[in-house]
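Biologist: I am new to this structure. Please take me through one part of it slowly, and then show me what surrounds that part.

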Amino acid sequence: MSEAEERLRAQIAGLLYVEPADLGPHDDLLDAGLDSIRVMTLIEAWKREGRDIGFPDLVDRPTIAAWAELLT
């Protein structure tokens, strides 16, 4: 797993109150419990960092691997 994926996995695990190791790079994050409010929390944090990622970008491919690709 890349460094970007590891950081993202830790960030998402914190929102889901699970261990990062519980989330695989290709696991469906919506099935893992990531709801729309938490997705919006991530989007807002990334917007503050200058990233332009929208809700549809994330829910179309809800995996750590896909999101890391969008963020890099």
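Where is the place of Arg 9?

Modeller: A word of caution to begin with: this is a predicted model. Arg 9 sits in helix 1. Arg 9 is buried, because its relative accessible area is 14% and the cut-off for buried is under 20%. The side chain of Arg 9 has a polar atom 3.3 Å from the backbone oxygen of Pro 20. Pro 20 is also among the residues that Arg 9 touches. The others are Met 1, Ala 21, Leu 23 and Ile 64, leaving out residues up to four places away in sequence.

Now stay in the region of those contacts. Leu 23 and Ile 64 are touched by Arg 9, and both are also in contact with Ile 12. Beyond its neighbours within four places in sequence, Ile 12 also meets Leu 29, Leu 34, Leu 42 and Trp 67.

Ile 12 leads to the core. The largest nonpolar core has 19 residues. Leu 8, Ile 12, Leu 34, Trp 46 and Trp 67 are the ones that touch the most other members. Helix 1, helix 2 and helix 4 each give two or more residues to this core.

Take helix 2 next. It runs over residues 36-48. Its 13 residues should span 18 Å at 1.5 Å a residue, and its end C-alpha atoms are 18 Å apart, so the two agree. The buried residues here are Val 39, Leu 42, Ile 43, Ala 45 and Trp 46. Seen down the axis of helix 2, these buried residues fall within an arc of 165°, so they line one face of the helix. On the other side, Ile 37 and Arg 48 are exposed. The cover over the buried residues of helix 2 includes helix 1 (3-16), helix 3 (55-60) and helix 4 (64-71). After helix 2 comes Gly 50, with a positive phi near 95°.

Last, helix 4. Six of its eight residues are buried, so helix 4 is largely enclosed by the rest of the structure. Those buried residues are Ile 64, Ala 65, Ala 66, Trp 67, Ala 68 and Leu 71. Two of these names have come up before: Ile 64 and Trp 67 are in contact with Ile 12. The cover over the buried residues of helix 4 includes helix 1, helix 2 and helix 3.

Back to the starting point, then. Arg 9 belongs to helix 1, and helix 1 is part of what covers the buried residues of helix 2 and of helix 4. Arg 9 itself touches Ile 64, one of the buried residues of helix 4.

Technical notes: Residues numbered from 1 in each chain as written. Predicted model: local features only at pLDDT ≥ 70, side-chain atom pairs only at ≥ 80, totals over all residues. Heavy atoms only, no water. Helix = DSSP H or I, 4+ residues; strand = E, 2+ residues; numbered from the N terminus. Expected span 1.5 Å × (residues − 1). Buried < 20%, exposed > 50% of the residue type's maximum accessible area, 1.4 Å probe, protein only. Arc of directions from axis to C-beta. Contact = heavy atoms within 4.5 Å. Polar contact = N/O pair within 3.5 Å; in protein donor to acceptor, adjacent residues only side chain to side chain. Core = buried A, V, L, I, M, F, W, Y, C linked by side-chain atoms within 4.5 Å.
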